[in-house]
Amino acid sequence: MSAKTQETGFFTETDDLPYFLAEKPGFCIQDDVTEPTDSYFLENLRSLNALKYYSKHSNTFSITYLNDLRGAILASPYLAINNLNRDFIGTKGFSVVFQRSEIAQVEQRFPYFKPYLDQALQPACNAFYLNPLLLKEGSRVDPHIDRSLRSYCKTVEPPATVSVLYVQVPANLEGGELVLCCHKKQVGQIKPEMNALVYFQGDLTHSVNAVKTAGTRLSLVCEQYSLSETELQDIPPFTVESRAAKVKGK
């Protein structure tokens, strides 16, 4: 297998490394070391801290799969004005909530998600909130921290990680960057790249800059949670959330 470009935090490596996250998923590491006695140590510590924030992997899937995925999402009867909160301005999508035990049912209902799920889902996670996210010119997502499963269980903390696959990106895209912040400090700004798979730490505040280019910016996002058995009891094994009129009776 040829090496793929992997961007991690604020630096780039070329390697087929496993997923970057965490002995402690969902923990926001602070780069606040002062007066170091060893500059080499400090530089490496900063690299490790950056590594915790996000990881970007290019050329993840075949172009054939990416085209099929795009077509299936755009043709889905569930695709409608977003059911997400008011931070999502001018966006479309739908959401699939499921537990790990029901992955087979998700793949039966949405077979075009299977390669993404095989690649992106983390083994330590047991509950998921999957949503295609479509932005057009003028669309944006305001700063927020993901807690989508809190509508089912009020004690749910942010996800361990969030994975994002860029399915379609307009040529010469202006705007639309994913901005990541930790305690009000920007720790990353990721320019969308078609067929790139991004993971970022689930407790980061994040936003998407307003899209300034005509065309469609389409991504597939999955919030991945590691819940207690008590919390998991409140999460639907499998359900679809959509504002599309034709599927209200799902």
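Select Phe128 to begin: with a relative accessibility of 0%, Phe128 is buried (buried means under 20% relative accessible area, exposed over 50%, partly exposed in between, using a 1.4 Å probe and protein chains only). The model you have open is predicted, so local features need pLDDT of at least 70 and side-chain atom pairs count only at pLDDT 80 or more, while totals for chains, interfaces and linings use all residues. Residues are numbered from 1 along each chain as its sequence is written, and side-chain values use heavy atoms, with hydrogens and water left out.

Now add Phe98, also buried at 0% relative accessibility. Phe98 and Phe128 make a stacked aromatic pair, 5.1 Å from centre to centre and with 25° between the planes. Here, rings of Phe, Tyr and Trp (its six-membered ring) pair if their centres lie within 6.5 Å; planes under 30 degrees apart are stacked, over 60 edge-to-face, and the rest tilted. Because Phe98 lies in strand β6 and Phe128 in strand β7 (residues 127–144), the pair ties together parts 30 residues apart in sequence. Strands (E, at least two residues) and helices (H or I, at least four) are DSSP runs, numbered from the N terminus.

Stay in strand β6 and pick Val96, which is buried at 0% relative accessibility. Which residues does Val96 touch, leaving out those up to four places away in sequence? They are Val106, Phe110, Phe113, Phe128, Tyr129, Leu130, Phe238 and Thr239, where contact means heavy atoms within 4.5 Å. Try a C-alpha to C-alpha distance from Val96 to Tyr129: 5.9 Å in space, for residues 33 apart in sequence.

Next, colour the rings. The structure holds nine aromatic pairs. One of them joins Tyr78 and Phe94, tilted, at 5.7 Å centre to centre and 40° between the planes. Tyr78 sits in the loop between α2 (63–75) and β4 (80–81), and Phe94 in the loop between β5 (88–93) and β6 (95–99), 16 residues apart. Tyr78 is buried with a relative accessible area of 9%, and Phe94 is buried with 0%. Extend the selection to Phe110, Tyr112 and Phe113, which ring pairs link with Tyr78 and Phe94 into a cluster.

Last stop: the cysteines. How many disulfides does a search of the whole structure find? Zero, with a disulfide defined as a pair of cysteine sulfur atoms within 2.5 Å. Select Cys125 and its closest cysteine sulfur is in Cys222, 8.5 Å away, too far for a bond. Cys125 is buried at 3% relative accessibility, and Cys222 is buried at 0%.
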